[in-house]
Amino acid sequence: MSEKFKKKISVVGLGKLGAPMLAVFASKGWKVTGVDLNEEIVSKVDSGIAPWCEPNLDQLLNSYRKNYRATTSLDEAVNDSDVTFVIVPTPSKVDGYFDNSFLVTSLYEIGKLIGKKNTHHMVVVTSTVMPGSMDYELKSVIEKSSGKVAGLDFGFCYNPEFIALGSVVADMLNPDVVLIGESDTDSGDWLESFYRSIVDNKPVYKRMRCIEAEVTKLAINTYVTTKISYANMVTELCEKLPNANSDVVLSAVGSDSRIGNKYLRGGTAYGGPCFPRDNRAFTALGKRLDSCTALASATDYLNDYQAERVTNWTYKIASPGRDVIGILGLSYKPGTPVTENSQGIALARKLSAIGFDVKLHDELAKYDPKDDSLPDLESVSCIEQFLHQTDVIVLMTPSENYIEAIKKSTNLNSSKTLIDPWRSFDDPTCLGTENYMPLGVGFLPNLELEYAAE
């Protein structure tokens with residue numbers, strides 16, 4: 001590794017990705033200073049307490065406290081480090097583009113600090129940005145405030161992560177690909193060497209210009225969302241054909257090496273803070289460049305349709321004013337409390353709007369009925385009470401805890417219906433109800449196809 005850099009790192013932004021990043025770097029022996037404006041987050045991290053619900057984060061923070069510290073002072077963090085990773089929010093705007101204002105503010109202040117340093121410093125942008133941001137906006141911000149030239153006087157790289165909430169630590173330690181957009185070869189060399197000291201596996205290292213890395217980040221996520229929507233499209237088709245099981249079909253489709261099985265499972269829509277917004281950003285970029293991105297638009301359309309699809313099945317077997325609908329799972333995926341772009345909440349809105357009495361339960365997500373963005377519905381904290389109070393249960397988040405609770409429950413009887421978009425039970429006879437509806441399997445009640453004689 002280049003002698004130009006010591007083993008001192010700073011991480012600007014201790015959010016749901018920044019805090020795990022600090023912990024992972026510290027666990028590999030690097031001296032890390034984390035900085036955030038939120039005093040509560042800083043206090044927790046500095047005390048070895050995870051500020052976010054994320055597997056293994058508490059353990060790493062507690063075990064490697066000697067290798068890191070947290071502060072609210074950007075000056076301390078930058079002055080006591082040789083490399084600064086910046087992972088601050090870049091929220092989506094109405095037009096689908098990302099708002100770089102937090103990033104611009106951070107980089108301007110970082111530039112002022114490295115402008116006073118006599119040693120070489122490197123800045124690595126990890127926040128997701130629109131293609132062109134690094135070269136045509138962010139580089140000039142830091143050059144202006146520092147009085148130095150990127151790629152010559154300081155290093156400047158774009159290095160977005162490919163992680164999922166609920167497995168951030170594992171994903172950072174075992175990436176499929178490490179993506180490096182570099183302003184100069186020396187910076188790219190150092191960053192690749194750095195990640196070789198961090199990861200536990202042997203990922204592919206892809207080094208390129210910053211603008212190519214920016215496009216790659218969006219392109220990868222957009223392709224994944226396309227696979228998810230494709231799987232859901234095939235799944236709905238199968239559930240309307242006699243004896244057609246979407247799992248059998250998609251397993252065979254994924255066996256083709258040109259396709260692959262990962263993410264090729266029908267269920268509900270994708271959600272969370274990354275996939276939906278990256279897909280919209282890709283579409284927005286196409287519009288601005290007068291480039292056809294119809295596939296990304298179709299992916300969004302199919303994704304938005306999934307809540308309507310589940311609503312339609314619920315309406316076929318239940319009646320507003322008579323049946324109480326229970327939505328099991330509000331987080332967008334198992335293992336996280338995050339409800340951003342939650343399909344459970346989207347379904348609750350739709351069912352409530354057509355007159356159903358809807359009750360909600362989630363093991364991790366905090367539901368605030370006073371939040372204007374959520375339906376004004378009852379949240380039931382105890383899952384047994386939830387199963388007792390509802391007539392139709394929809395399993396929206398396929399958590400293993402939910403699956404086991406349903407198997408063991410004495411409150412799931414023959415008068416209740418379980419709608420399962422994920423086909424979570426290999427042996428439905430273990431359930432207390434015969435009214436089990438595994439969506440994506442063409443043996444649902446009252447389904448017949450009529451083929452006209454030629």
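**Exercise 1.** How many aromatic pairs does the count come to?

*Solution.* This is a predicted model, in which local features need pLDDT of at least 70 and side-chain atom pairs count only at pLDDT 80 or more, while totals for chains, interfaces and linings use all residues. Residues are numbered from 1 along each chain as its sequence is written, and side-chain values use heavy atoms, with hydrogens and water left out. Rings of Phe, Tyr and Trp (its six-membered ring) pair if their centres lie within 6.5 Å, and planes under 30 degrees apart count as stacked, over 60 as edge-to-face and the rest as tilted. By this rule the count comes to 12 aromatic pairs.

**Exercise 2.** Classify the pair of phenylalanine 25 and phenylalanine 194, and place both residues in the chain.

*Solution.* The centres are 4.9 Å apart with 85° between the planes, and the pair is edge-to-face. Phenylalanine 25 lies in helix α1 (residues 18–27) and phenylalanine 194 in helix α8 (residues 185–196), so the pair ties together parts that are 169 residues apart in sequence; helices here are DSSP runs (H or I, at least four residues) and strands likewise (E, at least two), numbered from the N terminus. Both phenylalanine 25 and phenylalanine 194 are buried, that is, under 20% relative accessible area with a 1.4 Å probe and protein chains only.

**Exercise 3.** Do the same for phenylalanine 85 and phenylalanine 194.

*Solution.* With 5.5 Å centre to centre and 35° between the planes, this pair is tilted. Phenylalanine 85 belongs to strand β4 (residues 83–86) and phenylalanine 194 to helix α8, 109 residues apart. Phenylalanine 85 is buried, at 0% relative accessibility.

How values were computed. Buried < 20%, exposed > 50% of the residue type's maximum accessible area, 1.4 Å probe, protein only.
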